[in-house]
Amino acid sequence: MAPRSKSVLLPVLVGLLACLLVALARFLPFWLGKEPGALERLELLTYDWRMRLGFDPGAPVATNLAAVFIDDDDLRTVNQAFGFHWPWPRQLFGRVVRELAREGAERVALDVFFLERHADFRETRVRMPDGEELSSDAFLARQLREAGNVILGCPGEIISNQWRVLAPIPELATN
């Protein structure tokens, strides 16, 4: 058997086996079961094996990518330390953008939607080195403009079968 036929034969056999198992599950309720049925048990038994097969330690890895995530622990920490709650004042995102720019980030993408102005409270204003006081939105807008490499996420909505983008507030969208 030629090497090419062997490389095609294995996926075909696996596909046929999967089809057979699905057919059995349909005609023999035992395969589906209320507790984990036979198919689910088989899936659980082979999960680690399949993950190991899919992992390639020799695959090239990008060394120039990073991600900053905000999880529940971060929310709790920031909320307790600064007395904020979600949604955080925009000045916090502005500080992150400024720090990433200082660290030399080539591109920054924020997957946080800024669809409405943040309330301008005295406690969330930022005093600049020259004494100027900026609202939280204005501070973020300035940091976006200075960094010049930030992409803001924009969700969309469908109204009457027409999709439209929900853009960030103009002050942020233009920077």
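This report describes the overall make-up of a predicted model, then one hairpin and one buried residue within the chain.

## Overall architecture

In this predicted model, the secondary structure of the chain comes to six helices and six strands, and, read along the sequence, these elements follow the pattern α-α-α-α-β-β-β-α-β-β-β-α.

Of the 175 residues in the chain, 24% count as buried, while the accessible surface amounts to about 13500 Å², with 60% of that area belonging to carbon and sulfur atoms. When contacts with a separation of 6 or more are considered, residues 24 or more positions apart account for 51% of them.

## The hairpin of S5 and S6

Strand S5, which covers residues 156–159, pairs in the antiparallel sense with strand S6, which covers residues 162–165, and the pairing runs over four bridges. Within this arrangement, Ile159 stands opposite Gln162 of S6.

The hairpin has two residues between the strands, and in it Ser160 takes a positive phi near 50°.

## Gln91 in helix H4

Helix H4 spans residues 90–102 and includes Gln91. The relative accessibility of Gln91 is 6%, and because buried means under 20%, Gln91 counts as buried.

If its neighbours within four places in sequence are left aside, Gln91 is in contact with Phe84, with Glu123, Thr124, Arg125 and Val126, and also with Ser136 and Phe139.

Terms used: Residues are numbered from 1 along each chain as its sequence is written. This is a predicted model: local features need pLDDT of at least 70, side-chain atom pairs count only at pLDDT 80 or more; totals for chains, interfaces and linings use all residues. Side-chain values use heavy atoms; hydrogens and water are left out. Two strands pair if DSSP finds at least two bridges between them. Buried means under 20% relative accessible area, exposed over 50%, partly exposed in between (1.4 Å probe, protein chains only). Contact means heavy atoms within 4.5 Å. Accessible areas come from the Shrake-Rupley method with a 1.4 Å probe; for residues, only the protein chains shown count as cover.
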